[in-house]
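Please open the structure in the viewer and keep the selection tool at hand. The tour below proceeds from one selection to the next and states what is to be found at each stop.

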Amino acid sequence: MMSGNNSGGNNDMNAFEWLAGGLFFGGLNNNNNNNNNNNNNMNKRELVSIESSKDVKQLWTGVQENFEQLILEHQQQQQHQQQQQQQQLLQENNPQQQQQHPAQPVPPPPPPPDVQPSSSADATTTTTTTGSSDATEALTVADFLSARLARLRFLLFEERKTTSSSNFRLHSTPSVAVATVQFFVQGGGRNNDGNTTDAATTTTPPLSVSSSSSLLWSEWLCPHHLQLVPFESRKVLTHLFCYLLVSGLDGPDADLYANSVMTVFVQQVVGPQMFAILTQLMAGYHYPTAWKNSSTAATTVATTITSPTTAAVPSSTIDIALHCGSMYRTLLRHGVLYQHLVGTTESVTQFVFPFLDTLVHSPNFDVASDAMECLRLILAPSTGTTGSNQGPPANAVGTVPQQQPFTPTMASMEQMNEWAAEFMTRDYEALWDDRFVPHLLYANEHPNNYMTKRGALQILSTVLLTRTNYNVMVRFVASARNLKVVLLLLRHTSPHITLDAFHVFKVFVANPHKPPEVIKILKDNQVKLCAYLQTLHADKAQSDAQFRDEKALIIATIEAL
């Protein structure tokens, strides 16, 4: 009797639980909801552990693995979309056949293989919970990537605050920054076989998206991969890259970072993939300008992974171009990297001339201004902040032919100016005659022609008045064509452009060895030029003694011809 009563009690309890679950808590789906809730709780605990982690290597390994997952998921989605489009085309081309034999729906892409990070919680993307009033969105791979990048930035910047203080011991080393650089020196969290370098971490087969684990930055900075990263995380990744490049240039603790962090990062990480990184940065610059119709993004992104220069990209990612410009200018702060950039005509053609051909004429004002700033630092490196005491990086590997190894030397400001003068003299016709003058000073057909002309005149004035650019200056002011361009700009409607044009025009007049064609132009327009210069910026001449004296000297020189 007792056992029967107990059995009846259990049946009643089971019936009550079934009734309560069936009527009030979603019935049979309750177990699935519990599983989803458990997965979400595990993901949240993993996220909390990331936000408090101090293991730099583990954090960077997680970043690498999260990147691989995002890229692989994206490729699978694109393949699924392509299959759907192919089926739609078949249905449109053969409607009768499709009525007799309807096509089977394309199954959704399978979930990506688990790439185990510090735990398996963020290996795959979970779905949102259903059947509960307090359902929340599940954490995705991008959320874990953002958390890891934010944590790494916090650790690096907090360490910099400590090393900048007077209480920090001079013989100590910045452990977080050193561990970060060593992670990349060792080829990331995976070896060449695609397995993790930590024996305690579960090994996984290599993913197809990574050809070499030693080229992490050139892979991460690909604009089509950056697009998969959340907006704020793109900024964090840019900050981390730039910080490692300039950590030993400025600050009271610069000597702590110069040899142990910055020099190693430049020589052993950025140097071997210099041209590969530059290729990605240039592709990122073209990212917003290459697209006219962002609605076609879903059908074209799959092809951009293999041909980034010809495929379209969404116009909503202007920030990618600006981040690429920031990293490009940071590379120019190192003399040895600058010498790699301008060392050969091939590298200049691939990584410098696009600024003159298209980038400064971008329809987006922010991108065009950013490209003009990069061009200024390339042609006039003395106008930027530079300084680097490291030796040359390893032979760079990329699409540009390998250059000869550089001799270990101090990359001073004077040396950078000399390298700039050498490349501007070597590629004079392609740079000045074919691009700078016709594309920047004649840029009437472009919407940003005012900004383009004014920025170009300021760069030109700086280049001509730099002592190391004497050969460039003599050749430029000996051209009658260039003089005609400057005379037209002297009559521009903008007073700012006329003032900048005057500073270039005075170099033509002050040249003691004027060719006959230049003298003829000045003599033919002698009266009109002197009368115009008398009234040019009269207000400025009253308050600026140097400008007044320069204008008087130019007028007297023209009258004495």
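Begin by selecting residues 274–285, which form helix α11. This is a predicted model, and in it the twelve residues of α11 reach 17 Å from the first C-alpha to the last. That span is close to the 16 Å expected at 1.5 Å a residue. How many of the twelve residues of α11 are buried? Eleven are, and the helix is therefore mostly covered, given that buried means under 20% relative accessible area. Colour the buried positions of α11 to see them: Met274, Phe275, Ala276, Ile277, Leu278, Gln280, Leu281, Met282, Ala283, Gly284 and Tyr285.

Next, display helix α3 (residues 56–93) together with α5. Their axes come within 9 Å and cross at roughly 150 degrees. That angle makes α3 roughly antiparallel to α5. The crossing in which α3 passes α5 is left-handed.

Remain on helix α5, which comprises residues 141–164, and select Thr163 within it. Is Thr163 buried or exposed? Its relative accessibility is 6%, so Thr163 counts as buried. Which side chain makes a polar contact with the side chain of Thr163? The partner is Tyr257, at 2.9 Å. In addition, a polar atom of the Thr163 side chain lies 3.1 Å from the backbone oxygen of Arg160.

The tour now turns to charged pairs. Side chains of opposite charge can pair when their charged atoms come close. The structure holds 14 salt bridges, and three of these are visited here, beginning with Asp370 and Arg329.

Select Asp370 and Arg329, whose side chains meet in a salt bridge at 2.9 Å, N to O. Because Asp370 lies in helix α17 (residues 365–379) and Arg329 in helix α13 (residues 318–331), the pair ties together parts that are 41 residues apart in sequence. Asp370 has 11% relative accessibility and therefore counts as buried.

Proceed to Arg435 and Asp357, which form a salt bridge with their closest N and O atoms 3.1 Å apart. This pair links distant parts of the chain, 78 residues apart: Arg435 belongs to helix α19 (residues 428–441) and Asp357 to helix α16 (residues 353–357). Arg435, at 18% relative accessibility, counts as buried, whereas Asp357, at 29%, counts as partly exposed.

For the third pair, select Asp500 and Arg454. Their side chains meet in a salt bridge at 3.5 Å, N to O. Asp500 is in helix α23 (residues 495–510) and Arg454 is in helix α20 (residues 449–464), so the pair ties together parts that are 46 residues apart in sequence. How exposed is each partner? Asp500 is buried, with a relative accessible area of 12%, and Arg454 is partly exposed, with a relative accessible area of 27%.

Finally, move to the loop between α25 (526–535) and α26 (538–543), and select His537 there. What is notable about the backbone of His537 is its phi. The angle is near 50 degrees, a positive value in a residue other than glycine.

Note on methods:
Residues are numbered from 1 along each chain as its sequence is written. This is a predicted model: local features need pLDDT of at least 70, side-chain atom pairs count only at pLDDT 80 or more; totals for chains, interfaces and linings use all residues. Side-chain values use heavy atoms; hydrogens and water are left out. A salt bridge is a side-chain nitrogen of Lys or Arg within 4 Å of a carboxyl oxygen of Asp or Glu. Helices (H or I, at least four residues) and strands (E, at least two) are DSSP runs, numbered from the N terminus. Buried means under 20% relative accessible area, exposed over 50%, partly exposed in between (1.4 Å probe, protein chains only). A polar contact is a pair of N or O atoms within 3.5 Å; within protein, one must be able to donate a hydrogen and the other to accept it, and residues adjacent in sequence count only if both atoms are side-chain atoms. The expected span of a helix is 1.5 Å times one less than its number of residues. Axes are lines fitted to C-alpha atoms, for helices over the stretch in contact, and angles run from 0 to 180 degrees between N-to-C directions. Angles under 35 degrees count as roughly parallel, over 145 as roughly antiparallel, 65 to 115 as roughly perpendicular and the rest as oblique. A crossing is left-handed if the near helix is turned anticlockwise from the far one by less than a right angle, and right-handed if clockwise.
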